[in-house]
Amino acid sequence: MTPPAAAAAPAVRPRRPLAPRGPRRVSGPVRPSAPARPARSRRGAGEAGFALGLISALESLAQHRLLDRLIRGRTWIGILAFALIGIVTLQLGLLKLNGGIGRALEHEALLQRENAALSIENSELAAGTRVETRAARLGMASVPSGALRFLSASSRGDVAKAAGVLSAPTHVASAEGRGAGAETSGSQAGGKSSTPAKSAGAEAGSSESSGESQTPSGPTSQPASNETASSGESSSASESSAAATSSPSTGEAESSSGASAETSQSGGIQASAPGG
Amino acid sequence: MTIVQRRIGGIFGLFFLLLVLAGGRTLYLGALKGSSLRKAAATQQLTYEAVPAQRGSITDRNGIDLAVSEPAQDISATPYLVKEPLAAAQKLAPLLGKPQDKVLRELSERSGFVYLARALPATQAHAVMALKIPGVAGAPVMRRVYPRGTLAAQVLGVVGTEGNGLSGLEYSRNALLHGQTGQRHVVSDALGQPVSINEVHPEEPGMPVSLTLDANIQQRTEDVLSAVGRVFSPKDATAIVMDPRSGAILAMANWPQVNANDPASSSPESLQNRAVGFDYEPGSTFKAFTVAGALQRGLLKPTSSFYIPDKIQVADRTIHDDTEHGDESLTTAQILAQSSNVGAIKIGLLEGKSDFSNWVSKFGFGKRTGIELPGEEIGQVLPVSHYSGSSMGNLPIGQGQLVTPLQMASAYAAIANGGILRAPHIIRSVGSEPQAVPTGRRVISSATAASLRQMLEGVLAPGGTASEVSIPGYQLAGKTGTASKVDQATGEYSKTAYVASFMGFAPASDPKLLCAVIVDEPQAGSIFGGTVAAPAFGQIMSFALPYLRIAPG
């Protein structure tokens, strides 16, 4: 602080020299003089220098004029209040968070229970016997092994034929009856042979069905193209596995009716099955 | 001093007084009552909770859960804290599923701790805790549930009350399935709500294990064995379905069945997985290996002719064929198809005991197969140095040595797959890591295997010992076996106790499925493999072949 201006005074010869005895007291807090730096060895000079530098930086921060202005003013009240409210808010937030964690853990346990219950239910629902019972109620029956027909595909010809069938969606409405008939008769060939009571019907129906069941794919919504395809199939059937799509329809009829007769006698396989 | 200044001073004084009171209270609670309050807080608010690890699930090859863990609680009581045991018992009994008097007895015990229920399902446990009966507490645990009940129960095994596997896969793979129990430090408020939760050790769930089993094939195999049980009233029965190309087990069934959710209701014997733990004399099913060794060595061909009398003398033993006949000539194929004892012994003698013993060992008999199931027996194979003069009158026809059903199935798989003996396996993957398929080792050439398969077709052809069994469209191959059991009392072969078996595969030309059926001591007048076990084989295969979309061949 600047010393007060000297008041105007008459010229008086000073008795002593005007050199000041020492630094005059100035307003404000006493500023301690910088401590004398102790002599240090060259070895610890680097480490001590960093620590001392840090301390002096903190000291200078404490003596910064902005901080001084802040403390002397009323702003610190607001800052302190904000800090205190903030601490309380943080604590409350932490408590809420922990409470949330607790609820999350309870929710996790609930989900674990539900997952386990669903896994159990899924496993029970997928039981084969249950599926068979439900299917039987809907009028379905397992295909006996003898009635299952396998078609062998050759990479050259069949891919083109399959693509041709897929790309010709014509005459859907008019041929629905035939297509349905083909589907039904196709399924009859399998279904009837599994039901002994209907095996007599299978013989009559199978010769009719076997020609149409030569079509390679299940859906028969394009019977017009299927007819073309089936004739193509007939001609190529001799190339493919004879067991699957033998061209003579009587062969199909014989085998399927044979299967029907066999299954109607033994109830599934030709075996002296225990209990069946 | 103005009025305003006095009022300001007064308000300041009031707040100062409040501050002093608060400080004093703080000092009182913190300094004087501090230790007792800390102790109370520790008991009421601080808890270390064990977090039970969820045991890994076991699924079949299609992801159907066969064993699942669900959260549960062990309900315990401190009897001397239960003020009204009668009222408590009335409320608890229906929830615990126990008689009221039993619960009352437990709550009236002079003890500090009693279990009311172990592993009570979580929904019931919550209902119990919601009653807020003083002295009743719950500890979280995991409960093992087997949704399919009896399905593959002996293979899966069971888990004890402490959460460790006690048998089957639950035991052999306990380290994988168990996981790691965690621990939590919980601080609760006065209402019991957690205000601070710290995980001391995180919980690690067990690894899920996927099996090679197919639940549908397993179910059908068990149904067939149940039918065998009803008709022939055997002591027990077992069946194995496997893919001979890889050794993957698709079904491993045992009869009598056991409910894995209630193993205590079954006898200890029925808990055993007989597919790996049952030693038996294989009988005629072993003849395929007698022929295999001679065929591989070039000592005979399928069409080689043998003079077959009705009986043969080996040292001091006379061995007859099953049916009386005059002297006849049979080819190797016919010897297998008709299961001629005399023919098989002649082939064994042609091999010589040293070679025969080598072939027995090559096909894996006398050793564990290496499947991931516990309790696997090794069987009993006579070392060649222990052969007596009459051993070669016994061993080539499958008597005088003990094998397990799985050893037989694996050895037949080597014939079916072209000559590679591969360790069977039942675990498909652990977590997301698929298990490597065992590489196996060649025991016979593919040509020898093909010849054997062709000869074994004759068993199911007209004139064969299992000619009654057929599946339309499919070529089957296999071998029947009817082996006498040793009477433990006399040490002689019994005339009433037999093991009926059948080993077979299909399609014969390129086998993709193998099935072994072993029936121990069938009754009801029929003892033969061809009439007891072979039809069961047919029923299992007639389901499994189309189910797996295996084309006829």
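1. A hairpin in chain B is a convenient place to start. E9(B) and E10(B) form this hairpin, with four residues between the two strands. Within the turn, Gly247(B) has a positive phi of about 85 degrees. The model is a predicted one, and the points below should be read with that in mind.

2. The pairing inside this hairpin is as follows. Strand E9 of chain B covers residues 236–243 and is joined to E10(B) by seven bridges, the two strands running antiparallel. One position to look up is Thr238(B), which stands opposite Asn254(B) in E10(B). As background, the strands of a sheet pair through backbone hydrogen bonds, in either a parallel or an antiparallel manner.

3. Is strand E10 of chain B buried or exposed? Strand E10 of chain B spans residues 248–255, and eight of its eight residues are buried, so the strand is largely enclosed by the rest of the structure. The cut-off behind this is that a residue is buried if 20 or more other C-beta atoms lie within 10 Å of its own.

4. The hairpin belongs to an open sheet of five strands in chain B, in the order E10-E9-E21-E20-E19, with antiparallel pairing. E10 and strand E19 (477–486) of chain B stand at the edges; each has a single partner strand, so one side of each lacks a neighbour in the sheet. From one strand to the next, the twist averages 10 degrees. For E10(B), the edge position should be read together with the burial of eight of its eight residues.

5. At the other edge, E19(B) pairs with strand E20 (residues 493–506) of chain B in the antiparallel sense, over nine bridges. Lys479(B) stands opposite Met503(B) in E20(B), and Gly478(B) stands opposite Gly504(B) in E20(B). E19(B) and E20(B) also form a hairpin, with six residues between them. In that turn, Gly491(B) has a positive phi of about 80 degrees. E19(B) is mostly covered, with seven of its ten residues buried.

6. Next, a helix pair in chain B. Helix H11 (residues 287–296) of chain B packs on helix H16 (residues 446–457) of chain B at an angle of about 140 degrees, and their axes are 10 Å apart. H11(B) and H16(B) are therefore oblique to each other. H11(B) passes H16(B) in a right-handed crossing. On the H11(B) side, the contact is made by Ala288(B), Val291(B), Ala292(B), Leu295(B) and Gln296(B); on the H16(B) side, by Thr448(B), Ser451(B), Leu452(B) and Leu456(B). By class, this contact of H11(B) with H16(B) has six nonpolar, three polar and no charged residues.

7. How many residues of chain A are in contact with chain B? There are 36 residues of chain A in contact with 41 residues of chain B. Helix H3 (75–125), helix H4 (128–137) and helix H10 (249–266) of chain A each supply at least two residues of the side of chain A that touches chain B. The largest share of that side, 16 residues, comes from H3(A). By class, the side of chain A that touches chain B has 18 nonpolar, 15 polar and three charged residues.

8. One residue of helix H3 of chain A can be singled out, namely Gln91(A). Gln91(A) counts as exposed because it has 10 C-beta neighbours inside 10 Å. Gln91(A) and Leu66(A) are 25 residues apart in sequence and 31 Å apart in space, C-alpha to C-alpha.

How values were computed: Residues are numbered from 1 along each chain as its sequence is written. Chains are lettered from A and ligands numbered from 1 in the order in which they are written. This is a predicted model: local features need pLDDT of at least 70, side-chain atom pairs count only at pLDDT 80 or more; totals for chains, interfaces and linings use all residues. A residue is buried if 20 or more other C-beta atoms lie within 10 Å of its own, exposed if 12 or fewer, and partly exposed in between; C-beta atoms are placed from the backbone. Two strands pair if DSSP finds at least two bridges between them. Axes are lines fitted to C-alpha atoms, for helices over the stretch in contact, and angles run from 0 to 180 degrees between N-to-C directions. Angles under 35 degrees count as roughly parallel, over 145 as roughly antiparallel, 65 to 115 as roughly perpendicular and the rest as oblique. A crossing is left-handed if the near helix is turned anticlockwise from the far one by less than a right angle, and right-handed if clockwise. Two residues are in contact if their C-beta atoms, placed from the backbone, lie within 7 Å. Ala, Val, Leu, Ile, Met, Phe, Trp, Tyr, Cys and Pro count as nonpolar, Asp, Glu, Lys and Arg as charged, and the others, Gly among them, as polar.
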